[in-house]
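Q: Could you take a close look at one part of this model for me, the nonpolar core and what surrounds it? I'd like to see how the pieces connect, cysteines and sheets included.

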Amino acid sequence: MTRRASPRPTFEEATAIPYDQAVLHLWGDTEAGYVGDRIYASSDLIHLIEFSLPPRARFTHSDANRTVFAADEVLHVVEGEMMLANPETGEVEVARTGESVFFRRDTWHHAINRSPDRPLRVMELFAPPPSTGASSTYARTRPYLTEWSYADDRLLGGWPMSRAERDRERCFHLVGSHNLAWRMDDPSDDLLVGLIASTEHLTAGRASLLPGQRSLVRRHGGDLVMVVLSGEIAVFVPEKVEPPSWFQLGVGDGFYAPVGTRYQCFAHGSESAEILFGVAPSYLPEPASDIAGG
């Protein structure tokens, strides 16, 4: 069975993407397993989806569905507990609700939901995106992995003494609230940003506002995607000519803005608001001093 090409919803301007309007897509086969995707946006620069696995389900790989891509990826666990394995090296990482795993191109990966009664829901940020040939098109060019393992036997007899060496070689990077790289893009900005990962292709992170707070007007040197993790936010796009220029987003709702779009976020409600965001390829605009405007 050949892999079904996933839909690629694209937008020409700033757009809200309600959770129930993201495009549903099922991929996989009996050998690799089946995965349900909810595709928010897939531009020429960035790809944002949510994938889900029912209790005790997993995806591995098959000849038609090879899980090794030419992209940097961030997987953020929205619900459940994800066991992520590199079947080529035996490396395994476990990410729980609120944690993320980052890895770079050419990393084989399998995901397992080990819970007997809870679904697994994971937000995935991916750049360069499938439209560049970085996903299944690229995967078909890679040597097929016929033998695989979920255990790194090199650690036996030397753990934790070999931790430093293992950390230098690891493919998966687990990121939780305790090891985000925090920043405020302007000292007067209310928006607190915690970076999960930042490469030449993708910057991904979490950003938060307390009730009643707002960000400054900001823009990026790449396409922006975001999804609300908690609370409610309103996004204002000052240069948008046709209505709406205001977008109301609740938990699970997404938002897309093309490169250079100026926007402003407001915590809309009585609770703190947190978002997961991705920008590709460049977080900072040109010139860098113009990241926050009035």
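A: Let's start with a term: a disulfide is a pair of cysteine sulfur atoms within 2.5 Å. By that test the structure holds zero disulfides. Keep in mind that this is a predicted model. As for individual cysteines, Cys171 is partly exposed, at 22% relative accessible area. Cys265 is buried, and its relative accessible area is just 2%. The cut-off for buried is under 20%, so Cys171 with its 22% doesn't qualify.

Now the core itself. The largest nonpolar core has 24 residues, and the ones with the most contacts inside it are Leu224, Met226, Ile233, Val235, Phe255 and Phe277. Plenty of strands chip in: β14 (192-198), β15 (203-209), β17 (221-230), β18 (233-236), β19 (246-249), β20 (254-257), β21 (264-267) and β22 (273-282) each supply at least two of its residues. The largest share, four residues, comes from β22.

Zoom in on Ile233 and you get a feel for the packing. Leaving aside residues up to four places away in sequence, Ile233 touches Met226, Val228, Phe247, Gln248, Leu249, Phe266, His268, Ala273 and Ile275. Apart from this core lies another one, of 22 residues, and among them are Leu48, Ile196, Ala204 and Tyr256.

There's a charged residue worth a stop here too. Arg206 is found in strand β15, and Arg206 is buried, with a relative accessible area of 9%. So what does the side chain of Arg206 reach at 3.1 Å? That would be the backbone oxygen of Gly98. The Arg206 side chain also makes a polar contact of 2.9 Å with the side chain of Glu274.

The loop between β18 and β19 is where you'll find Pro244. Pro244 is partly exposed, with a relative accessible area of 42%. If you want a yardstick, Pro244 and Glu50 are 194 residues apart in sequence and 26 Å apart in space, C-alpha to C-alpha.

On to the sheets. Strands of a sheet pair through backbone hydrogen bonds, either parallel or antiparallel. One open sheet here has seven strands, in the order β2-β3-β4-β11-β6-β9-β12, and its pairing is antiparallel. At its edges stand β2 (23-29) and β12 (173-175); each has a single partner strand, so one side of each is left without a neighbour in the sheet. From one strand to the next, the twist averages 25°. Inside that order, β6 (residues 72-79) and β11 (residues 120-127) run antiparallel and are joined by seven bridges. To pin down the register, take His76: its bridge partner in β11 is Met123.

The other open sheet to look at has four strands, ordered β5-β10-β7-β8, again with antiparallel pairing. Its edge strands are β5 (58-59) and β8 (92-96), and each pairs on one side only. Between those edges, β7 (residues 81-85) and β10 (residues 110-113) pair in the antiparallel sense over four bridges. A handy register marker here is Met83, whose bridge partner in β10 is Ile112.

Technical notes. Residues numbered from 1 in each chain as written. Predicted model: local features only at pLDDT ≥ 70, side-chain atom pairs only at ≥ 80, totals over all residues. Heavy atoms only, no water. Buried < 20%, exposed > 50% of the residue type's maximum accessible area, 1.4 Å probe, protein only. Pairing = 2+ DSSP bridges. Core = buried A, V, L, I, M, F, W, Y, C linked by side-chain atoms within 4.5 Å. Contact = heavy atoms within 4.5 Å. Polar contact = N/O pair within 3.5 Å; in protein donor to acceptor, adjacent residues only side chain to side chain. Axes fitted to C-alpha atoms, helices over the stretch in contact; angles between N-to-C directions.
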